[in-house]
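Open the model in your viewer and keep the sequence panel at hand. The tour goes from one selection to the next.

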Amino acid sequence: MVSMAAPRVDLKLRVIGPVVLLGPPGAGQGPQAKEMAARYGIPQISTGHILPHHRDRGTELGKRAQAIMERGELVPDQLLFDVVACRLVQADCCRGFILDGFPRTTPQAEWLDSWLAKNLAQGTPALVVVRFAVAYNELLRRLSGRRSCPACGRIFNVYFQPPRVADACDVDGTKLVTRKDDAEAVVAERLKTYERQTLPLVEYYRQRGRLREIDGDRAVGQVMADVFAAVEHGRL
Ligand code: AMP
């Protein structure tokens, strides 16, 4: 296991290479990606953040993606490739990057493989895909229990981290809201979409020797230590 204390080698100078975090919505890839980005000094690239950002800015892509996202379905592959390609060539990706929420379909994984084959500098460590496995009922509770404060952005969970007063933010008392795609019916649809369209990627990456599997049903710190070990094993 890799120590989570400050690393002896300066990880922020090393070439980490491409990392994909693969798991169902609610498995915790987002927070894990954030920790990794801080540890390695490479960017977290989350399509689940980029798309809402386009929606909020009213871009053509955002308009086309909005209704699809609200139904818990996947945005068509072709809409995403340009967005992801533009992001991956930015200067901050030169030592590596963490993809969170992409790829989610076999065509997206094939597209990424061919992008990496054409664009990765020689000697860059090969892609590592970290898979988070979490039980279905746990995911349902993590997602459908999530509430956020529209004023300060603080996140609560009615099952695991309830506010002191029901439905009110602990910080400013604002009434908490449920994200449209965290409504229970939409969550069930997002999980079904994952099983149908994204789960086949586990086999895709296993066959190519890229997969590292992690039990995501444990405390955040334990999961994180395993993620660091998976990324650093044999390359640092
Ligand atoms: P997330 O919060 O990561 O589950 O993403 C929110 C929504 O954005 C998803 O339900 C999809 O509609 C869309 N989305 C994010 N990433 C992708 C992707 N790689 N392929 C297709 N749609 C995506």
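Select L112 to begin. This is a predicted model. L112 is buried, because its relative accessible area is 0%, and the cut-off for buried is under 20%. L112 sits in helix 5. Now show what surrounds L112. Beyond its neighbours within four places in sequence, L112 is in contact with V20, L88, L99, F102, P103 and Y205. For a distance check, pick the C-alpha atoms of L112 and E203: they are separated by 16 Å, with the two positions 91 residues apart along the chain.

**Helix 5**

Extend the selection to residues 106-119, which make up helix 5. The helix has 14 residues. From first C-alpha to last it reaches 20 Å, close to the 20 Å expected at 1.5 Å a residue. Colour Q108, A109, W111, L112, W115 and L116; these residues of helix 5 are buried. Turn the view to look down the axis. The buried residues of helix 5 fall within an arc of 160°, so they line one face of the helix. Then pick A117 and K118, which are exposed on the other side of helix 5.

What do the buried residues of helix 5 pack against? Show strand 1 (17-22), helix 4 (77-88), strand 3 (96-100) and helix 8 (200-207): the buried residues pack against these elements.

**The loop before helix 5**

Go to P103, in the loop between strand 3 and helix 5. Select F102 along with P103. A cis peptide bond joins the two, with omega at about 0°. Most peptide bonds are trans. Both F102 and P103 are among the contacts of L112.

**The sheet**

Show the strands next. An open sheet has 5 strands in the order 2-3-1-4-7, with parallel pairing. Strand 2 (44-46) and strand 7 (211-215) are at the edges; each has a single partner strand, so one side of each has no neighbour in the sheet. From one strand to the next, the twist averages 20°.

Select strand 1. Is strand 1 largely enclosed or open to the outside? Of its 6 residues, 6 are buried, so strand 1 is largely enclosed by the rest of the structure.

Now step through the pairings:

- Strand 1 and strand 3 run parallel and are joined by 5 bridges. Pick P18 and find F97 of strand 3 opposite.
- Strand 1 and strand 4 (residues 128-133) pair in the parallel sense over 4 bridges. Pick V19, whose bridge partner in strand 4 is V128.
- Strand 2 and strand 3 pair in the parallel sense over 3 bridges. Pick S46, whose bridge partner in strand 3 is D100.

**Helix 8 and helix 7**

Move to helix 8. Its buried residues are L201, V202, Y204 and Y205. They cover an arc of only 165° around the axis, which puts them on the same side of helix 8. These buried residues pack against strand 1, helix 5, strand 4, helix 7 and strand 7. Y205 is also one of the residues in contact with L112.

Add helix 7 (residues 184-198) to the view. Helix 7 and helix 8 pack at an angle of about 35°, and their axes are 5 Å apart. Where do the two helices meet? E195, R196, Q197 and T198 in helix 7 meet P200, L201 and V202 in helix 8. By class, this contact has 3 nonpolar, 2 polar and 2 charged residues.

**Two positive phi values**

Most residues other than glycine have a negative phi. Select D167, in the loop between strand 6 (155-157) and helix 7. D167 is not a glycine, yet its phi is positive, about 70°. D167 counts as partly exposed, because its relative accessibility is 42%. Then jump to G209, which follows helix 8. The phi of G209 is positive too, near 70°.

**Last stop: Q32**

Finish at Q32 in helix 1 (residues 29-40). Is Q32 buried or exposed? Q32 is buried, with a relative accessible area of 4%. Which residues is Q32 in contact with, leaving aside neighbours within four places in sequence? Show F132, V220, V223, M224 and V227 to see these contacts. F132 falls in strand 4, which spans residues 128-133.

Technical notes
Residues are numbered from 1 along each chain as its sequence is written. This is a predicted model: local features need pLDDT of at least 70, side-chain atom pairs count only at pLDDT 80 or more; totals for chains, interfaces and linings use all residues. Side-chain values use heavy atoms; hydrogens and water are left out. The expected span of a helix is 1.5 Å times one less than its number of residues. Buried means under 20% relative accessible area, exposed over 50%, partly exposed in between (1.4 Å probe, protein chains only). The arc is that of the directions from the helix axis to the C-beta atoms. Contact means heavy atoms within 4.5 Å. Axes are lines fitted to C-alpha atoms, for helices over the stretch in contact, and angles run from 0 to 180 degrees between N-to-C directions. Ala, Val, Leu, Ile, Met, Phe, Trp, Tyr, Cys and Pro count as nonpolar, Asp, Glu, Lys and Arg as charged, and the others, Gly among them, as polar. Two strands pair if DSSP finds at least two bridges between them.
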